[in-house]
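Subject: Structure for you to look at

Hello,

Here is the structure I said I would pass on. My notes on the sheets, a pocket and the aromatic rings follow below.

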Amino acid sequence: MNLKSPIRFILNDQEVTAWETPGRLVLDYLRDSERLTGTKEGCKEGDCGACTVLLGSLDKGRVRYVPMTSCLIPMGELMGKHLVSIEGLNMEMLSPVQAALVDCGGTQCGYCTPGFVVSMTGWLMDETQALDAGGVKIAISGNLCRCTGYRSIKEAGEQVLDKLASGLSGENRITDLCQKEALPAYFETIPERLAALEHPENSDFNIEGGRPLVIAGGTDIYVQRGAEIPETPVQLLNSGDAVPPVVEADGNLIVDARMSFQAFGDDPLIQEAIPEIQAYNYLIASWPIRTRATLGGNICNASPIADMTCLLLALDAQLSVEGGDEPRHLALKDFFLGYKQLAKIEEEVIKTIEFGKPDGSTRIHWEKVSKRPVLDIATVNSAARFEVDGSFIKEAHLALGGVAAIPLYLHETCQFLSNQSLTAELVMEAVAIAQTEFQPISDVRGSADYKRLLARQLLLALFLKCFPEVISEEVVYEAL
Ligand SMILES: Cc1cc2nc3c(=O)[nH]c(=O)nc-3n(C[C@H](O)[C@H](O)[C@H](O)COP(=O)(O)OP(=O)(O)OC[C@H]3O[C@@H](n4cnc5c(N)ncnc54)[C@H](O)[C@@H]3O)c2cc1C
Ligand code: FES
Ligand code: FES
């Protein structure tokens with residue numbers, strides 16, 4: 001089967017048409033076909049950031065760039081976009097980011113350096129990112145360095161801030177950066193050139209016969225099946241229309257399942273509904289992974305420790321699913337049948353995720369424990385949503401991850417807590433009931449006993465956070 005299609009996009013400063021299979025990795029294309037070897041291959045699993053590129057999409061006349069690990073991006077997604085590799089950031093002189101890394105001793109063997117330059121430059125270009133020391137840390141959160149120990153790299157970031165931050169407007173950082181010779185001047189021509197780019201025929205990669213493999217952000221599927229995907233027919237959920245923002249309808253929030261973790265956390269309706277969402281997001285993967293990882297992919301990968309799935313279970317989310325005989329709706333809590341077994345046929349795709357809009361009587365919290373505090377997968381995670389009237393619980397929704405074969409909705413505990421007045425005794429009883437709803441196994445993340453203990457602590461943490469006026473740490477310690 002010939003899977004190759006023409007893919008038209010702008011690579012650095014050049015319009016190109018690449019004849020490629022849509023599932024081939026951008027990293028392999030850059031290095032092996034284009035011989036642009038500044039983009040490095042490290043882990044090929046999204047962990048090290050050596051392969052970071054920027055992907056620019058036209059949005060209302062502006063191009064917005066997002067840092068991504070090219071080892072997880074399918075070629076088909078480049079259609080109509082601007083792909084920037086490290087070579088596309090080079091100018092006659094070193095850019096301020098490159099110069100700062102040299103000045104501060106932020107590069108030794110140099111293998112990681114292109115990735116750091118691309119990530120830091122992408123951060124400077126993105127008006128939604130704060131230009132402060134915290135922002136530097138987020139900017140480089142997806143890049144590993146074996147040589148420097150990071151201090152000199154962070155200092156380089158701060159030097160860049162000193163040099164550039166005050167002159168960058170909130171409006172159009174790209175123009176400002178071009179004027180300051182921190183970006184090549186051709187970036188200013190890209191919006192017009194992308195708008196004029198013609199899509200070749202056969203640009204939806206439709207393959208006759210054979211069931212295509214669904215790929216959203218690719219952050220799970222490429223790690224699991226990376227070797228076979230280039231030769232497999234694929235359905236790229238991210239290659240079509242842009243993902244719309246969250247909408248509100250009839251008291252519900254409706255989220256496109258293709259929405260990335262980052263876009264979810266940045267969405268104004270979600271920030272209003274879940275005020276701590278950005279703090280949660282900070283504990284989930286790195287910036288370049290969050291820009292790719294989708295909510296639908298997190299659910300369908302069905303990892304027992306999926307972080308957003310745990311939160312969505314507690315939000316009592318409903319899914320709309322299409323691709324079978326007819327569109328249908330089902331509750332997320334009914335979606336997991338067993339380890340990686342889903343209540344859907346292969347052809348079905350999750351379109352939207354919907355949950356009741358939280359209001360003044362809603363309490364929500366999410367907790368995660370992992371071996372490292374940030375940038376690590378969970379050992380155990382937990383989330384809760386309570387609908388309350390003072391200390392009376394009208395409805396309770398609790399979820400736990402990492403303690404069963406599936407992301408777990410605690411049906412019995414939720415039922416027990418609903419329509420009850422909350423007291424410290426009730427909390428202890430609920431936690432005891434919860435312990436009967438799962439059977440953790442020992443694995444590399446921790447022993448079964450440790451996970452059981454963590455589950456108890458995290459459930460208590462949810463109550464402490466949601467009901468500080470009813471239950472305190474002292475009361476919990478006394479009751480334990
Ligand atoms: C370095 C790294 C760090 C990570 N850290 C975390 C972390 O801290 N927490 C966490 O929870 N996860 C983490 N992940 C895992 C991953 O990023 C998430 O699970 C992510 O949400 C997967 O989404 P995706 O869009 O990339 O899925 P994909 O890889 O595109 O797809 C995953 C599966 O879901 C299917 N699928 C995708 N979308 C749909 C849909 N709409 N309908 C039907 N089927 C669909 C695909 O066919 C595939 O089987 C990490 C991954 C990496 C590489
Ligand atoms: S090669 Fe390590 S993140 Fe891509
Ligand atoms: S300088 Fe060697 S890995 Fe970073």
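Two strands are counted as paired if DSSP finds at least two bridges between them. With that in mind, Gln 318 stands opposite Glu 354 in β14. Please note that this is a predicted model.

The sheet with β14

Gln 318 belongs to strand β10, residues 318-322, which pairs with strand β14, residues 349-356, in the antiparallel sense over five bridges. Along the same two strands, Leu 319 has Ile 353 of β14 as its bridge partner. Strand β14 also pairs with β9 (residues 252-256), again antiparallel and over five bridges. In that pairing, Asn 252 has Gly 356 in β14 as its bridge partner.

These strands are part of an open sheet of five, in the order β8-β9-β14-β10-β11, with antiparallel pairing. Why do β8 and β11 each have one side without a neighbour in the sheet? β8 (247-249) and β11 (328-331) stand at the edges and have a single partner strand each, so one side of each is left free of a neighbour in the sheet. From one strand to the next, the twist averages 30°.

The sheet with β1 and β2

Another open sheet of five strands runs β2-β1-β5-β3-β4, and its pairing is mixed. Its edge strands are β2 (14-20) and β4, each of which pairs on one side only. Neighbouring strands here are turned by 35° against each other on average, with direction ignored.

Strand β1 (residues 5-11) pairs with β2 in the antiparallel sense over seven bridges. Among the partners, Pro 6 is bridged to Trp 19 in β2, and Ile 7 to Ala 18 in β2. β1 and β2 form a hairpin with two residues between the strands, where Asn 12 takes a positive phi near 50°.

The second largest pocket

The second largest pocket holds about 1400 Å³ of space. Its lining is made up of 47 residues, and those that lie nearest its centre are Ser 57, Asp 59, Arg 64, Val 66 and Val 243. Three elements, β3 (52-59), β4 (62-69) and α9 (261-266), give two or more residues to the lining of this pocket. The largest share comes from β4, with seven residues.

By residue class, the lining of the second largest pocket divides into 20 nonpolar, 14 polar and 13 charged residues. Where does this pocket lie with respect to domain 1 and domain 2? Domain 1 (5-196) and domain 2 (247-479) both give residues to its lining, so the second largest pocket lies between them.

Aromatic pairs

How many aromatic pairs does the structure hold? There are eight. One of the pairs is formed by Phe 386 and Phe 463: the rings are 5.5 Å apart centre to centre, with 40° between the planes, and the pair is tilted. This pair links distant parts of the chain, since Phe 386 is in strand β16 (residues 378-389) and Phe 463 in helix α17 (residues 448-466), 77 residues apart.

Regards

Notes
Residues are numbered from 1 along each chain as its sequence is written. Chains are lettered from A and ligands numbered from 1 in the order in which they are written. This is a predicted model: local features need pLDDT of at least 70, side-chain atom pairs count only at pLDDT 80 or more; totals for chains, interfaces and linings use all residues. Side-chain values use heavy atoms; hydrogens and water are left out. Helices (H or I, at least four residues) and strands (E, at least two) are DSSP runs, numbered from the N terminus. Axes are lines fitted to C-alpha atoms, for helices over the stretch in contact, and angles run from 0 to 180 degrees between N-to-C directions. On a 1 Å grid over the protein atoms alone, a cavity is a set of points where a 1.4 Å probe fits but cannot get out, and a pocket is an open set with protein on both sides within 12 Å along at least five of seven lines; lining residues have an atom within 4 Å of a point. Grid points are joined across faces, edges and corners, and a volume is the space filled by probe spheres set on the points. Ala, Val, Leu, Ile, Met, Phe, Trp, Tyr, Cys and Pro count as nonpolar, Asp, Glu, Lys and Arg as charged, and the others, Gly among them, as polar. Domain bounds come from an automatic or database domain assignment. Rings of Phe, Tyr and Trp (its six-membered ring) pair if their centres lie within 6.5 Å; planes under 30 degrees apart count as stacked, over 60 as edge-to-face and the rest as tilted.
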